[in-house]
Amino acid sequence: MHPTTDNRPALLLAMGPGVEERLLTADHHARLTRLAHTDPRLVAHDLTAPGPRVAAALAEAEILFTCWGATPLTAEVLDRAPRLRAVVHAAGSVKHHITDACWERGLRVTSAAAANALPVAEYTLAAILLAGKRVLRSAQRYAELRTDHAWLEESTTWGNYRRTIGIVGASRIGRRVVELLRPFDVEILLYDPYVTTPPPGVELVGLDDLCARSTVVSVHAPQLPSTYRMIGPAQLAAMPDGTTLINTARGSLVDEAALLPHLVTGRLQAILDVTDPELPPADSPLYTLPNVLLTPHVAGSLGNELHRMADQALEEVARYGRGEPFAEEVRASDLQRSA
């Protein structure tokens, strides 16, 4: 990369191996080169010991365009990037690679968390509706019986009409789930210690009250020391028989040791996209329990949904080039209460 002779900012792609190929299409590459002075074929996988080409590009870069697997931007890395002014992250959380040194040097940071929130909220909406219809139970019973059956008699407690849905955490995803639920005839409870005025039509309650009153509890809080195993023995015991627990946030927010007995007895149902540890042991009952739907952290962006994050990130690069504020700027204070 050489110093630019036009007004486009110099930009370097920095992300883990294999990410760029899934994130950026040919159209994205074309737009990126229109917006910034960059070599879209040059992707920095490691900024701690960069080769000559990456080192030269880093020294000129005004923007780092990052995604999953980006190198943490320590003071030592930033010393190699004297012209750096902004980090545009084409994914959700920036906690992995944005360090205190970034804030100390006044870097502007933006992320595509809003774009990544949508597929998680869509997954959650589908999970809530399927839980109300007892899809796991009915599919299993159908496979067992393989004959005519009095489904109306068995399903007297099934359905989504006027169900009470508990949303734990008014995060970006939690708020999006609330919006997606608005067309449905459900009651929505919300727990978030930082919220004083809930969205219209939503009742703000304590966590224990939410667990005791909801037929579906969906977890959307960030992973923080204060949220570690926030869904614990007391909250699980408070849930009515047949309640479905949905976790698309982080596995550490749920005390799985306390949850398992409720699942083994069939008292509770669970839809878990995240666990603690991330990969359950091979002998975990979560793989085989009939009242558990276990998915491998697929609620967030994957496949063509990565292109939505790329689109949002490129919009932020365009705003930077026009001298405008980022639409989704991340500030140091935001990270104290977010993922």
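Here is a short briefing on the nonpolar cores and the unusual backbone spots of this structure. Keep in mind that the model is predicted. Its largest nonpolar core has 28 residues, and another core, of 26 residues, lies apart from it. On the backbone side, look out for a cis peptide bond before Pro277 and for positive phi values at Arg146 and His297.

**The cores**

- In general, nonpolar side chains of soluble globular proteins tend to be buried together.
- Within the 28-residue core, the residues with the most contacts are Leu11, Leu13, Met15, Leu23 and Phe65.
- At least two residues of this core come from each of strands E1 (11-14), E3 (63-66) and E4 (86-89) and helices H1 (19-23), H2 (26-35) and H13 (306-321). Helix H13 gives the largest share, eight residues.
- Leu13 is a good place to start exploring: leaving aside residues up to four places away in sequence, Leu13 touches Glu20, Leu24, Leu32, Pro40, Leu42, Val43, Ala44 and Phe65.
- The 26-residue core includes Ile231, Leu236, Leu245 and Val292.

**Backbone spots**

- Most peptide bonds are trans, and most residues other than glycine have a negative phi.
- The bond from Asp276 to Pro277 is cis, with omega near 5°. You will find Pro277 in the loop between strands E11 (269-272) and E12 (292-294).
- Arg146 has a phi of about 50° and sits in the loop between helices H7 (135-145) and H8 (151-154). Its relative accessibility is 71%, so Arg146 counts as exposed.
- His297 has a phi near 55° and belongs to the loop between E12 and H13. With a relative accessible area of 35%, His297 is partly exposed.

Notes. Residues numbered from 1 in each chain as written. Predicted model: local features only at pLDDT ≥ 70, side-chain atom pairs only at ≥ 80, totals over all residues. Heavy atoms only, no water. Core = buried A, V, L, I, M, F, W, Y, C linked by side-chain atoms within 4.5 Å. Buried < 20%, exposed > 50% of the residue type's maximum accessible area, 1.4 Å probe, protein only. Helix = DSSP H or I, 4+ residues; strand = E, 2+ residues; numbered from the N terminus. Contact = heavy atoms within 4.5 Å.
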